[in-house]
Amino acid sequence: MPRKDATPTPRQELLAIEKRIYNQNRLTIMDSTEVQDKHFKKYYAAYRHAIKNFTGRATDADIEKDIAASRIVLVGDYHTLDQSQRSFVRVLRSYFRNVDKEIVVALETVQSNHQKFLDAFMQDKIEAADFVKKIGFKQSWFFDLWENYTIIFDFLHYHKIRVFGIEATAHKKKPLLERDGLMARHLVQLAKRYPHKKIFVLVGDLHLAPEHLPGEVARCAKKEGLSLPLVTLYQNSPYIYWKLSEKNMVDHTLIVKVAPRSY
């Protein structure tokens with residue numbers, strides 16, 4: 001007699017439903033957005049490879065140790081999820097409270113050529129609505145995301161932390177790797193300008209694959225004769241989530257390590 005397949009457990013059924021909903025949503029998002037970069041599939045494949053698995057659980061102390069040994073802290077941003085921006089503030093608050101205040105912040109959210117407007121906004125010379133209009137924020141993103149980022153600007157303003165825009169001008173027309181190179185040059189220049197400060201960077205999660213922005217930073221730093229160790233904090237890996245769920249580890253796992261200096 002043919003062997004009957006084992007009946008799936010309730011957890012397996014729930015996981016299958018989650019995957020189905022995720023895939024449906026992913027396809028809907030892809031259909032509603034325009035990817036102009038012809039190399040996007042290769043770019044995304046490198047990112048997916050970087051966050052497809054993990055080596056084990058990690059703790060806040062593990063991250064804090066690697067942050068302490070780094071000059072640049074790269075934090076992944078999932079633009080449409082406000083918890084992503086809140087997590088960035090939590091990272092800043094933890095370091096700011098427990099270590100020192102010698103930091104600067106770099107944001108992909110603002111194009112580098114809008115720095116004068118960013119400075120004016122942080123110095124209370126223009127209102128938020130005027131700032132958003134001057135930098136073309138709503139035209140630069142597919143969604144109206146300003147409310148997601150106010151918590152970041154509020155924190156930086158309160159603590160008087162310098163913040164810089166690092167996104168490429170007219171970035172929608174530039175290939176992602178070219179944008180990585182431009183952002184990397186900005187970060188290296190900030191490292192030279194502030195040799196005693198740690199640089200916290202919020203940038204789209206896709207940019208964090210080792211050969212993307214981290215690799216470009218390493219190449220630019222080498223040209224300048226600098227050593228800029230960095231730590232990478234991803235925030236959006238469904239593949240790791242599925243693995244944790246399959247192992248019944250989701251509810252009691254907050255952080256995992258995916259590679260040395262990478263979480």
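**From a pocket to a sheet and a ring cluster**

The lining of the second largest pocket consists, by class, of eleven nonpolar, two polar and one charged residues; here Ala, Val, Leu, Ile, Met, Phe, Trp, Tyr, Cys and Pro count as nonpolar, Asp, Glu, Lys and Arg as charged, and the others, Gly among them, as polar. The model is a predicted one, in which local features need pLDDT of at least 70 and side-chain atom pairs count only at pLDDT 80 or more, while totals for chains, interfaces and linings use all residues. Residues are numbered from 1 along each chain as its sequence is written, and side-chain values use heavy atoms, with hydrogens and water left out.

The second largest pocket is lined by 14 residues, and P210, T232, P260, R261 and S262 are those that lie nearest its centre. Its volume is about 190 Å³. Rolling a probe the size of a water molecule over the atoms shows where empty space is left. On a 1 Å grid over the protein atoms alone, a cavity is a set of points where a 1.4 Å probe fits but cannot get out, whereas a pocket is an open set with protein on both sides within 12 Å along at least five of seven lines, and lining residues have an atom within 4 Å of a point. Grid points are joined across faces, edges and corners, and the volume is the space filled by probe spheres set on the points.

One of the residues at this pocket, R261, also has a partner that is remote in sequence: its C-alpha atom is separated by 9.5 Å from that of K65, although the two residues are 196 residues apart along the chain. K65 is found in helix α3 (residues 60–68), where helices (H or I, at least four residues) and strands (E, at least two) are DSSP runs numbered from the N terminus. With a relative accessible area of 65%, K65 is exposed; on this scale buried means under 20% relative accessible area, exposed over 50%, and partly exposed in between (1.4 Å probe, protein chains only).

Another pocket residue, T232, leads to the sheet, since T232 and L230 on one side of β6 and V231 and L233 on the other are all buried, and both faces of β6 are thus covered. The sheet is open and has five strands in the order β4-β3-β5-β2-β6, with parallel pairing. β4 (163–167) and β6 (230–233) stand at the edges with a single partner strand each, so one side of each is left without a neighbour in the sheet. On average, neighbouring strands of this sheet are turned by 25° against each other, direction ignored; for such angles, axes are lines fitted to C-alpha atoms, for helices over the stretch in contact, and angles run from 0 to 180 degrees between N-to-C directions.

How many bridges join β2 to β6? There are four, and the two strands run parallel, with V73 standing opposite V231 in β6; two strands pair if DSSP finds at least two bridges between them. Strand β2 (residues 72–77) also pairs in the parallel sense with strand β5 (residues 198–204), over six bridges, and I199 in β5 is the bridge partner of I72. At the other edge, four bridges join strand β3 (residues 103–111) to β4, again in parallel, and A106 stands opposite F164 in β4. Five of the five residues of β4 are buried, so this strand is largely enclosed by the rest of the structure: V163, G165 and E167 point one way from β4, and F164 and I166 the other way.

In the loop between α8 and β4 lies K160, which has a positive phi of about 55° although it is not a glycine. K160 counts as exposed, at 75% relative accessibility. N248 likewise has a positive phi of about 55° without being a glycine, and its place is in the loop between α11 and β7 (256–257). At 43% relative accessibility, N248 counts as partly exposed, whereas in helix α11 (residues 238–246) P238, Y239, I240, W242, L244 and S245 are buried.

The last stop is the aromatic rings, of which the structure holds 14 pairs. The rings of F131 and W146 have their centres 5.8 Å apart and their planes at 65°, so this pair is edge-to-face; rings of Phe, Tyr and Trp (its six-membered ring) pair if their centres lie within 6.5 Å, and planes under 30 degrees apart count as stacked, over 60 as edge-to-face and the rest as tilted. The pair links distant parts of the chain, with F131 in helix α6 (residues 128–134) and W146 in helix α8 (residues 146–158), 15 residues apart. F131 is buried at 0% relative accessibility, and W146 is buried at 10%. Ring pairs link both of them with F121, F137, Y149 and F153 into a cluster.
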